[in-house]
Amino acid sequence: MPTVRQIIEGYPKEPRYLLAALQDIQENHTYLSVESMKMVAEYLGVPESRVFSVATFYKALSLVPQGKKVIKVCNGTACHLRGAPKLVEALEKELGIKNGETTDDGLFTIQTVNCVGACAMAPVVMVNDRVYGKVTISQVSEIIEEERKDAV
């Protein structure tokens with residue numbers, strides 16, 4: 001895994017690369033630490049407040065460690081009406097954590113999101129970039145087991 005320094009040095013020293021650098025750090029380190037944000041600010045020559053502002057504006061960026069597998073449950077209208085809240089409850093029970101939390105082993109984080117743009121497949125669960133459509137409560141443990149095996 002590349003260090004934060006290696007990631008940011010892959011960009012020209014121009015403020016327009018702020019979001020891209022933060023996304024790359026997030027992807028490689030699961031979150032944006034205060035130190036990493038300070039390093040980005042210094043490297044790109046932007047105020048720390050601007051880096052923090054961008055990092056907190058985008059929901060895809062996190063200031064706390066995320067699991068290796070981020071489980072996103074769509075809570076858009078179609079998904080909500082087709083049972084997304086019950087899926088969140090089932091995931092919380094299966095993993096022993098609440099929405100927004102990460103398992104002690106650092107493997108899973110549960111998040112609800114506003115919409116993933118796959119309404120025809122509602123309710124939708126995404127695990128990193130993998131999409132599961134028309135998910136039922138009985139499939140939750142299967143999905144977790146499949147993702148656990150994939151993480152090895």
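The paragraphs below walk through a predicted model of a protein chain, from its domains to its helices, its sheet and its salt bridges.

The domain assignment divides the protein chain into domain 1, covering residues 4–57, and domain 2, covering residues 69–150. Measured in neither case by eye but computed from C-alpha atoms, the centres of domain 1 and domain 2 are 29 Å apart.Within the first of these stretches, a useful place to begin is helix α3, which spans residues 34–44 and in which Ser36, Met37, Val40, Ala41, Tyr43 and Leu44 are buried. The cover over these buried residues of α3 includes helix α1 (4–8), helix α2 (18–29) and helix α4 (48–57). Just past the end of α3, glycine 45 adopts a positive phi of about 70 degrees.

A salt bridge is also found in this part of the chain, where the side chains of glutamate 14 and arginine 16 meet with a nitrogen-to-oxygen distance of 2.7 Å. The two partners sit in unlike surroundings by the accessibility cut-offs: glutamate 14 counts as partly exposed because its relative accessibility is 32%, while arginine 16, at 62%, counts as exposed.

Turning to the sheet, the reader will find 4 strands forming an open arrangement in the order β2-β1-β3-β4, with mixed pairing. Strands β2 and β4 are the edges of this sheet, each of them pairing on one side only, and the twist from one strand to the next averages 20 degrees. Strand β1 (residues 69–74) and strand β3 (residues 125–127) run antiparallel and are joined by 3 bridges, with lysine 72 standing opposite methionine 126 in β3. Helix α6 (residues 84–95) packs on the sheet, where it touches β1, β2 and β3, and its direction makes about 155 degrees with that of β1. Helix α7, for its part, lies across β1, β2, β3 and β4, and runs at about 165 degrees to β4.

One residue of the edge strand β2 can be followed in more detail. Valine 113 belongs to β2, which covers residues 108–113, and it counts as buried because its relative accessibility is 15%, under the 20% cut-off for that class. Leaving aside residues up to four places away in sequence, valine 113 touches Lys72, Val73, Cys74, Asn75 and Gly76. Proline 123, by contrast, is 10 residues from valine 113 in sequence, and the C-alpha atoms of the two are 12 Å apart in space.

Which charged residues link strand β4 to helix α7? Arginine 130 lies in β4 and glutamate 147 in α7, so this pair ties together parts that are 17 residues apart in sequence; their side chains meet in a salt bridge of 2.9 Å, nitrogen to oxygen. Arginine 130 also forms a salt bridge with glutamate 146, in which the closest N and O atoms are 3.5 Å apart. That pair, too, links distant parts of the chain, with arginine 130 in strand β4 (residues 130–132) and glutamate 146 in helix α7 (residues 140–151), 16 residues apart.

The accessibility of these three residues can be set side by side. Arginine 130 is partly exposed, with a relative accessible area of 31%, and glutamate 146 is partly exposed as well, at 40%, whereas glutamate 147 counts as buried because its relative accessibility is 2%. All three belong to a network of salt bridges that links Lys69, Arg130, Glu146, Glu147 and Asp150. Over the whole structure, the search finds 7 salt bridges.

How values were computed:
Residues numbered from 1 in each chain as written. Predicted model: local features only at pLDDT ≥ 70, side-chain atom pairs only at ≥ 80, totals over all residues. Heavy atoms only, no water. Domains from an automatic or database assignment. Buried < 20%, exposed > 50% of the residue type's maximum accessible area, 1.4 Å probe, protein only. Helix = DSSP H or I, 4+ residues; strand = E, 2+ residues; numbered from the N terminus. Contact = heavy atoms within 4.5 Å. Salt bridge = Lys/Arg side-chain N within 4 Å of Asp/Glu carboxyl O. Pairing = 2+ DSSP bridges. Axes fitted to C-alpha atoms, helices over the stretch in contact; angles between N-to-C directions.
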